[in-house]
Amino acid sequence: LGAAAMSGCSTHEKLDQVATQVDIVNHKVDHLQGQVRDLHAQAGQAMADASRANARLDNQEQIKDYKK
């Protein structure tokens, strides 16, 4: 009976360790998801900036062609 009780404690400790590890992994996943959202927003901003720059360049080319 004592061995069964001790093995129960051991199992409970292992479950606690696994639960702690799962919590740590979940925290890391949440952090990484936040970073991905930030990078996605930055990429969208970079694309918008590039589009505006390309439009300005196209406009400059049209002005040069018009002056000729």
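In this predicted model, a polar atom of the Thr20 side chain sits 2.9 Å from the backbone oxygen of Asp16. Thr20 itself belongs to helix H1. With a relative accessibility of 45%, Thr20 is partly exposed, because that label covers values between 20% and 50%.

Zooming out, the fold is quickly described: the chain has one helix and zero strands. Helix H1 covers residues 2–67, and the chain counts 68 residues. Not much is tucked away here, as buried residues account for just 1% of those 68. The chain exposes about 6,300 Å², and 60% of that area comes from carbon and sulfur atoms.

As for charged pairs, the structure holds one salt bridge. The partners are Arg52 and Asp49, whose side chains meet with 2.2 Å from N to O. That distance is within the 4 Å cut-off, so the pair counts as a salt bridge. Side chains of opposite charge can pair when their charged atoms come close. Where do Arg52 and Asp49 lie relative to one another in helix H1? They are three residues apart, which means that about one helical turn separates them.

Neither partner of the salt bridge is buried: Arg52 is partly exposed at 42% relative accessibility, and Asp49 is partly exposed too, at 36%. Back at the Thr20 site, the side chain that reaches the backbone oxygen of Asp16 likewise belongs to a partly exposed residue, at 45%.

Methods
Residues are numbered from 1 along each chain as its sequence is written. This is a predicted model: local features need pLDDT of at least 70, side-chain atom pairs count only at pLDDT 80 or more; totals for chains, interfaces and linings use all residues. Side-chain values use heavy atoms; hydrogens and water are left out. Helices (H or I, at least four residues) and strands (E, at least two) are DSSP runs, numbered from the N terminus. Buried means under 20% relative accessible area, exposed over 50%, partly exposed in between (1.4 Å probe, protein chains only). Accessible areas come from the Shrake-Rupley method with a 1.4 Å probe; for residues, only the protein chains shown count as cover. A polar contact is a pair of N or O atoms within 3.5 Å; within protein, one must be able to donate a hydrogen and the other to accept it, and residues adjacent in sequence count only if both atoms are side-chain atoms.
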